[in-house]
Every structure is written in structure tokens, then in C-alpha cells.
Amino acid sequence: MGGISITGATKRGFRAYTLSNYKEIPQIQNFTQEQQEDIGIAARIFPFRVNNYVIDELINWDNVPNDPMFRLTFPNKDMLLPPHYKEMKHLLHTAASEEEVQQAIHKIRLTLNPHPAGQLDKNVPELNGKVLEGMQHKYNETVLFFPTQGQTCHTFCTFCFRWAQFTGMKDLKFASREIETLVSYLQEHPEVKDVLFTGGDPMTMSANLLKRYIEPILEADIRTIENIRIGTKSLSYWPQRFVSDKDSEDILSLFSNVTDHNKHMAIMGHFNHPVELTTDTVKEAIKNIRATGAQIRTQSPLIAHINDDPVIWEQMWREQVRLGCIPYYMFMVRNTGANHYFDTPISKAWEIFQEAYQNVSGLARTVRGPSMSTDPGKINVLGTQEINGEKVFVLEFLQGRDCRWVRKPFFAKYSPTASWLTDLEPAFGKEKFFFENTSTI
Ligand code: SF4
């Protein structure tokens, strides 16, 4: 493959640590007993999995516990509300049975809005009267597909809005291996232009599995499909996927195959912090992907304790552009899981976005945000204004359940503490937002 280098920059194999073996991590052995236990308590509620690349190359252990990559990957005590932490600690210190502990865990998880934005029961398409599990079709032009084998990640993010999928709340998990059904659905829906493979992280699948999902779409020659997208955090958490894994060359050939079929191969790369862009392996991975004709677009939520600083975003966007990636989205953290710990008020998020945006070149100003992925659609915060003496947020839909809502500015009363659409009220004395007549939030 011309231009692609497979040098095996990092030869060490993948090793994951979870609740069952995290105390074997050498750096964790330097923690006090209580610090170790607190990780374990939080990891009982939230998913926890971290790999050796993140531990050895991304976390600065001299800066722990405040290190952003440590906060991003190791659950911590403050992610639990105090009564939940107390309850769990008490149960684990008494002779409570595993069943009692599991019941308490389940009860706590149910209080954390485990399935936000109506994902469980809404947006699931049908074909010939049959519900297509493992797919979502919310916006006209894009279908999301959740391959069964791609419902895990190389490392779990502590803030992840899909945390419920990873914690064994099985009734909330949805995935599909029915690629034939997807192909038939795409053939019947010419309005769909993009198929987005998502998870978990589809790049945890082998090249062979990934091919089984993508090649049938290419072979079916569906002219209306223009773009194949893969949402992944593997460039941050295991860039070896595109460099030195035993099937790296096959992965890259698959991407080339998509572009050879005159379709755009779009990697939706999830980066939360500039440190994830610093290793030789990630740089080589980006180079290899780009050599296939694929493009990498980057996105991240704004996460308190991890990247809630304009300088971090400025550095991240500049470095992404320098490496040939396209900054795409700054999201607001969703109203689920430990969002009391991770969320940022809309007013502060907008200030961070604006300050970072003002300091980057036009090439990085492809980025949009801060954006909330809500039930009615993706709502972008354009800023604040004072109109007729009332301070307001100016908002717009970037995507809407009804495409006629897109790019139509609307207004909400300013609030210094609101961090999600559900915290906002319409401005100018109106009772409802314009879209609330046809949708619920
Ligand atoms: S990589 Fe993506 S899906 Fe996986 S835990 Fe992180 S945010 Fe969630």
C-alpha cells in the first residue's frame, strides 16, 4: 500500500485492567489503601477498563489524581453523590451479600438517567413492519449502526453517556449483527447518505469482522450512500490499531477499498485532550489513515476536570489541523451518569469555545459548538445577547428531528447555571420553545 508505513512503533501487546485486576497496575500500588478502595467503589457503579498504552504513555503519574487522562479513565469517589458513596462503602465494609450489593448498585444506577435522549425506545427504524434493533435513524440523512461485536472500547471514559451499556444493564443494551437488514433498509431509504458505525468502539473489532459489515454495503452498490463513517476513540486509546496490530494493514486496506468505491471514508475521531495527540504512535496512525484517502474529523465533549479550559481546546484544535485532521464538534456532556461531576454550565462552555475559537486559524474554525445532543436534535449555542432588556441565550439546531428546524435561531432565558436544554426556559415570556409542539424534551 503506497505511502502507508507499518513499523510496529509500539511492540507491546494490548493489556486491559478492570475492577477485577486494577490493583496489579504498578502505579496504583503506590496509592494508599483508601485511594485504591475509592477507585473500586466508583468502578462498581460506572464502567472501568483501562489499557497499558493509556497507563504508560498518556497518564502523567506525577500529576495524579488531577491528571486529565487519569480523571478520564479511572472512576473516582466524587463521581458518586455523597449518599451513594456512603451506602456503597458501608455495604462493602459490612457482611452484605453480593446480592445486596448488586441490588444497591442497580438502584443507584437507575437514579442516574441511564438512557438519555430517548435512545432506547425512539429512533429505532422498521423494515416491513419489523423493528430493527441495533440501528437508529433519527436524522434523515444518517443511519447509525451498532455492530454487536463493537460494543466495547479499548478503555472506558469515565464520563461516557453510554456507560449503562457497559455495566451489564442488559435491557438497555442494543446492538445488531444483521448486516443484510441494514443493506435492505438503505436500499429502501434513498434519503440516507451516511452510515455511521458506532458502539462502543467499532475499531475494537478485527479487520475481518469490520469487513463483514462494510463490504456488503460496497458490494450492494447503493448509489445513494455517499459516506461511511466510523466513530472511534482508538486513535487516542490504542492507535496501534492502525500501525502495528497484526491486522492493521487489513484495516487500512478496508478504508482504501471504501474510497476506491467512490465513497468517503470518514473517521470520527474522539480526542478529549491534546496529550492524546503527542505520541509517535498516534502520529503514525493518523498518517496511515490519511494515506488511504480517509479523512479524520475530531470531536469531544467539554468535560469538567479534564478539558474545561480554552487553552486546552486551542492547543487541541491547532495540533489536530497540523496533523491533517478536521476539528468538527465540541459537545456538552449529556445529562446522564456522573454529569453532576463532569458537566459545565452552558454560559461557561460558550465562553471557553469562543476564547479558543478566537485564537485558532480559519482552518480550525470548521469546529461547531458547544452543542447539546438532545432528543429534538443537536442544539448549538451561538452565544448570549441582551434583547429589549432581557438577557438570553441564542441557540440554533445543527440537526433536528424535523429538518425544517435546522439553522433557525431561537432564544432561551439566560441562566448562569443551566447546563442542558432541560434546564432552559423560552425567552420573552413564551410558554414553549417552537419545537415543543411536535416533540418532547
Ligand atoms: S470510547 Fe466512546 S463509547 Fe467508549 S467509553 Fe469512551 S466515550 Fe464511551
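Helices (H or I, at least four residues) and strands (E, at least two) are taken as DSSP runs and numbered from the N terminus, and in this predicted model these elements serve to place the backbone features that follow. Asn113 is located in the loop between helix 5 (98–110) and strand 3 (126–127), where the residue adopts a positive phi of about 45° although it is not a glycine. With a relative accessibility of 33%, Asn113 counts as partly exposed, because buried residues are those under 20% and exposed residues those over 50%. A second residue other than glycine with a positive phi is His305, for which the angle is near 75°. His305 belongs to the loop between strand 10 and helix 12 (310–322), and with a relative accessible area of 40% His305 is partly exposed. Most residues other than glycine have a negative phi, and most peptide bonds are trans.

Cis peptide bonds were found as well. One joins Val64 and Pro65, with omega about 15°, and Pro65 lies in the loop between helix 2 (52–58) and helix 3. Another runs from Gly369 to Pro370, with omega near -10°, and in this case the proline, Pro370, is part of strand 12.

The largest pocket of the model has a volume of about 1,100 Å³. Its lining comprises 44 residues, of which Phe161, Arg162, Gln299, Phe331 and Arg334 are the closest to the centre of the pocket. Two or more lining residues are given by each of strand 6 (142–145), strand 8 (227–232), strand 9 (264–270), strand 10 (295–302), strand 11 (326–332), strand 12 (368–373) and strand 14 (390–400). Strand 11 supplies the largest share of this lining, with four residues. By class, the lining of the largest pocket divides into 20 nonpolar, 16 polar and eight charged residues.

The space of the largest pocket is the space taken by the ligand. Around the ligand are Cys153, Phe156, Cys157, Cys160, Phe166, Gly200, Lys233 and His270, a shell that has five nonpolar, two polar and one charged residues.

The second largest pocket has a volume of about 340 Å³. Among the 17 residues that line this pocket, the closest to its centre are Phe31, Gln35, Pro65, Phe70 and Arg71; Pro65 is also the residue joined to Val64 by a cis peptide bond. The elements that give two or more residues to the lining are helix 1 (33–45) and helix 3 (68–73), and the largest share, four residues, comes from helix 1. In terms of class, seven residues of this lining are nonpolar, five are polar and five are charged.

Aromatic contacts were examined across the whole structure, and the search finds 35 aromatic pairs. One of these is formed by Phe48 and Phe74, whose ring centres are 5.3 Å apart and whose planes meet at 50°, so the pair is tilted. This pair links distant parts of the chain, since Phe48 is in the loop between helix 1 and strand 2 (49–51), whereas Phe74 is in the loop between helix 3 and helix 4 (82–93), 26 residues apart. Both partners fall below the cut-off of 20% for burial: Phe48 is buried, with a relative accessible area of 6%, and Phe74 is buried, with a value of 1%.

A further tilted pair is formed by Phe242 and Phe255, with a distance of 6.2 Å from centre to centre and an angle of 40° between the planes. Here too the pair links distant parts of the chain, with Phe242 in the loop between helix 9 (234–237) and helix 10 (248–260) and Phe255 in helix 10, 13 residues apart. Phe242 counts as buried at 0% relative accessibility, and Phe255 is likewise buried, with a relative accessible area of 0%.

Beyond individual pairs, ring pairs link Tyr22, Phe31, Phe48, Trp61, Phe70 and Phe74 into a cluster. Members of this cluster also appear in the description of the second largest pocket, where Phe31 and Phe70 are among the residues closest to the centre.

How values were computed
Residues are numbered from 1 along each chain as its sequence is written. This is a predicted model: local features need pLDDT of at least 70, side-chain atom pairs count only at pLDDT 80 or more; totals for chains, interfaces and linings use all residues. Side-chain values use heavy atoms; hydrogens and water are left out. On a 1 Å grid over the protein atoms alone, a cavity is a set of points where a 1.4 Å probe fits but cannot get out, and a pocket is an open set with protein on both sides within 12 Å along at least five of seven lines; lining residues have an atom within 4 Å of a point. Grid points are joined across faces, edges and corners, and a volume is the space filled by probe spheres set on the points. Ala, Val, Leu, Ile, Met, Phe, Trp, Tyr, Cys and Pro count as nonpolar, Asp, Glu, Lys and Arg as charged, and the others, Gly among them, as polar. A residue is near a molecule or strand if one of its heavy atoms lies within 4 Å of it. A molecule sits in a cavity or pocket if more than half of its atoms lie within 2 Å of its grid points. Rings of Phe, Tyr and Trp (its six-membered ring) pair if their centres lie within 6.5 Å; planes under 30 degrees apart count as stacked, over 60 as edge-to-face and the rest as tilted. Buried means under 20% relative accessible area, exposed over 50%, partly exposed in between (1.4 Å probe, protein chains only).
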